[in-house]
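Here's a set of quick questions and answers to work through with the model open beside you.

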Amino acid sequence: MKVIVRTRSALLHDSDLTLAMHRLRGRVFKDRLDWDVSVSDGLEIDQYDTLKPTYLLVLEQTDVVGCVRLLPTTGRNMLADTFPVLLDGHAAPKAAGIWESSRFCVDTKNVAATAENGLREATFLLFAAMIEWGQQRDLQAIATVTDLRMERILRRAGWQLDRLGTPRQVGTTNAVAGLLPITDDALGAIRAAGKISGRAIDAPSSLALAA
């Protein structure tokens, strides 16, 4: 497995990757988690995909088995514009050193490999790649809206979510907003827990396609 970085414009030049990512999101967020998302022809796409995000994709051979979307908090993003209720009345993070992650998912049905604590290796790889990518951009943190199940997974992986508000029921999900620190300590904990010996991001594409 490897992680590649693609901007929206670069991703659209590879229709197979684009369709595979949006199809995976449809299977995970609509079929498995039953979130209130819009799916057309099996593809989950929303308004935030039009805002020139960056994507990290986990590939096993040529199959997309994991993905996450990244947007700057200085522009429109899900926490500020869709889920401000999770901030308990506080302002959403808005800083060059903080980006937002969303649509994090791993294909648990088709990725059998697990680490010793039961989490998928692809999950650890994607967590590590998020921190590596954040360090490339000198980020301090990644903001995210997630559910309590994923918060527990992050904790087990060694990445502690700093909550920005109290959990609230959003549709079928008990959601919570928080900040994930971009630090060497967090990266080291994830690499140790997931037994990742080298870099998570595929080196040839990590910088060239991240801008």
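Q: In β10, what is the bridge partner of Val 170?
A: This is a predicted model, where local features need pLDDT of at least 70, side-chain atom pairs count only at pLDDT 80 or more, and totals for chains, interfaces and linings use all residues. Residues are numbered from 1 along each chain as its sequence is written, and side-chain values use heavy atoms, with hydrogens and water left out. Strand β9 (residues 168–170) runs antiparallel to β10 over three bridges; strands pair if DSSP finds at least two bridges between them, and strands (E, at least two residues) and helices (H or I, at least four) are DSSP runs numbered from the N terminus. Across from Val 170, the partner in β10 is Thr 173.

Q: Which residue takes a positive phi in the hairpin of β9 and β10?
A: Look at the turn of this hairpin, where two residues sit between the strands. With phi near 65°, the one to pick out is Gly 171.

Q: Which residue in β10 stands opposite Asp 162?
A: β8 also pairs with β10, in the antiparallel sense over two bridges. Asp 162 faces Leu 179.

Q: Over how many bridges do β7 and β10 pair?
A: These two strands run antiparallel. One of the matched pairs is Ala 141 with Pro 181 in β10. The count for β7 and β10 is seven bridges.

Q: Why is β10 largely enclosed by the rest of the structure?
A: Go by burial, where buried means under 20% relative accessible area, exposed over 50%, and partly exposed in between (1.4 Å probe, protein chains only). β10 is largely enclosed because, of its nine residues, the number buried is seven.

Q: Which side chain makes a polar contact with the side chain of Thr 144?
A: Thr 144 sits in strand β7 (residues 141–147) and counts as buried at 8% relative accessibility. Its contacts (heavy atoms within 4.5 Å) beyond four places in sequence are Ser 101, Leu 161, Val 176, Ala 177, Gly 178 and Leu 180. A polar contact is a pair of N or O atoms within 3.5 Å; within protein, one must be able to donate a hydrogen and the other to accept it, and residues adjacent in sequence count only if both atoms are side-chain atoms. At 3.2 Å, the polar partner of Thr 144 is Ser 101.

Q: How far apart in space are Leu 33 and Thr 172, C-alpha to C-alpha?
A: Leu 33 lies in the loop between α2 (15–32) and β2 (39–40), and at 21% relative accessibility it counts as partly exposed. Setting aside residues up to four places away in sequence, Leu 33 touches Val 28, Arg 149 and Thr 172. Leu 33 and Thr 172 are 139 residues apart in sequence, yet their C-alpha separation is 8.3 Å.

Q: In β4, what is the bridge partner of Ile 4?
A: β1 is mostly covered, with five of its six residues buried. It pairs with β4 in the antiparallel sense over six bridges. Opposite Ile 4 you'll find Leu 57.

Q: Which element gives the largest share of the largest nonpolar core?
A: A nonpolar core is a set of buried Ala, Val, Leu, Ile, Met, Phe, Trp, Tyr and Cys residues joined through side-chain atoms within 4.5 Å. This one has 37 residues, and those touching the most other members are Leu 56, Phe 104, Phe 127, Met 130, Trp 133 and Trp 159. Elements giving two or more residues include β1 (2–7), β4 (54–60) and α4 (121–136). With 10 residues, the largest share comes from α4.

Q: How many disulfides does a search of the whole structure find?
A: A disulfide is a pair of cysteine sulfur atoms within 2.5 Å. Cys 67 is buried at 1% relative accessibility, and Cys 105 is buried too, at 2%. The closest cysteine sulfur to that of Cys 67 is in Cys 105, 3.5 Å away and so too far for a bond. The disulfide total is zero.

Q: Which element has the lowest mean pLDDT?
A: pLDDT is the predictor's confidence in each residue, from 0 to 100; the chain's mean is 89, and 91% of its residues reach 70 or more. Strand β8 (residues 162–163) has the highest element mean, 98, while the lowest, 49, belongs to helix α7 (residues 203–206).
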